[in-house]
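Welcome! Here are a few short exercises to work through with the model open beside you. Try each task before you read its solution.

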Amino acid sequence: MQGSIARICTSFIDVPGKIAVAIYFAGCSVRCSGCQNKALWEASSGTKMTVDDIVEKIIQHPLADTVVFLGGEPTDQMDVLIAVCEKITQEGSKELILYTGREFEVLPETLISMLTMIVCGPYRSELGRQGWPASSNQRVFIRKEGSWQC
Ligand code: SF4
């Protein structure tokens, strides 16, 4: 199985207080009007990578104890996203975080059962703010003691 990946890099800002390896998925069908990342709207903006190649990059990262999936829209490549999460979960050593333009309620249980934080909802420029997340309609779900808090 292959995904279209725009880049893989270290992130110090996407997960507060954590050093994360960031996986930028290429392609987004959500198409928020105020998107700052339009260069990633087309899946062709990325490079084809196998699930194993993506997982290898994550495992080899020397510092990160967290993985953050963003883009683009990671859930547009749901099979790849779930497969990567399953393999990292089997390794058992890293927290998995998702940024998505979709709402929490439409995400499959198979996916969310492996995550510890989800930043949900489309970016709406009229609700933009200086803080985090970038627009005030976006919700942050954090798993605490087995249940989700928002
Ligand atoms: S979901 Fe993210 S990448 Fe997609 S249009 Fe909205 S802000 Fe841009």
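Two strands pair if DSSP finds at least two bridges between them. Keep that in mind for the first exercise, and remember that this is a predicted model.

**Exercise 1. Find the strands that pair with β2 (residues 20-25), and give the sense of each pairing.**

Step 1. Start with strand β1 (residues 2-11): six bridges join β1 to β2, and the two run antiparallel. Cys9 stands opposite Ala22 in β2.

Step 2. Now turn to strand β4 (residues 66-71), which pairs with β2 in the parallel sense over six bridges. Here Val21 stands opposite Val67 in β4.

**Exercise 2. Decide how far β2 is enclosed by the rest of the structure.**

Step 1. A residue counts as buried if 20 or more other C-beta atoms lie within 10 Å of its own.

Step 2. In a regular strand the side chains alternate between the two faces of the sheet. Check each side of β2 in turn: Ala20, Ala22 and Tyr24 on one side are all buried, and so are Val21, Ile23 and Phe25 on the other.

Step 3. Six of the six residues of β2 are buried, so the strand is largely enclosed by the rest of the structure.

**Exercise 3. Compare the span of helix α2 (residues 78-91) with the expected one, then describe where its buried residues lie.**

Step 1. At 1.5 Å a residue, the 14 residues of α2 should span 20 Å. The end C-alpha atoms of α2 are 20 Å apart, which agrees.

Step 2. List the buried residues of α2: Val80, Leu81, Val84, Cys85 and Ile88. Seen down the helix axis, the buried residues of α2 fall within an arc of 130°, so they line one face.

Step 3. Look at what this side meets: the buried residues of α2 pack against β1, α1 (51-60), β4, β5 (95-100) and α3 (109-112). The face turned away from the buried side carries the exposed residues Asp79 and Gln90.

**Exercise 4. Describe the backbone at Arg31 and at the bond between Trp132 and Pro133.**

Step 1. Most residues other than glycine have a negative phi, and most peptide bonds are trans.

Step 2. Arg31, in the loop between β2 and β3 (47-50), has a positive phi near 55°. Arg31 is exposed, with 11 other C-beta atoms within 10 Å.

Step 3. Trp132 and Pro133 are joined by a cis peptide bond, with omega about -5°. Pro133 lies in the loop between β6 (117-120) and β7 (139-144).

Key: Residues are numbered from 1 along each chain as its sequence is written. This is a predicted model: local features need pLDDT of at least 70, side-chain atom pairs count only at pLDDT 80 or more; totals for chains, interfaces and linings use all residues. A residue is buried if 20 or more other C-beta atoms lie within 10 Å of its own, exposed if 12 or fewer, and partly exposed in between; C-beta atoms are placed from the backbone. Helices (H or I, at least four residues) and strands (E, at least two) are DSSP runs, numbered from the N terminus. The expected span of a helix is 1.5 Å times one less than its number of residues. The arc is that of the directions from the helix axis to the C-beta atoms. Two residues are in contact if their C-beta atoms, placed from the backbone, lie within 7 Å.
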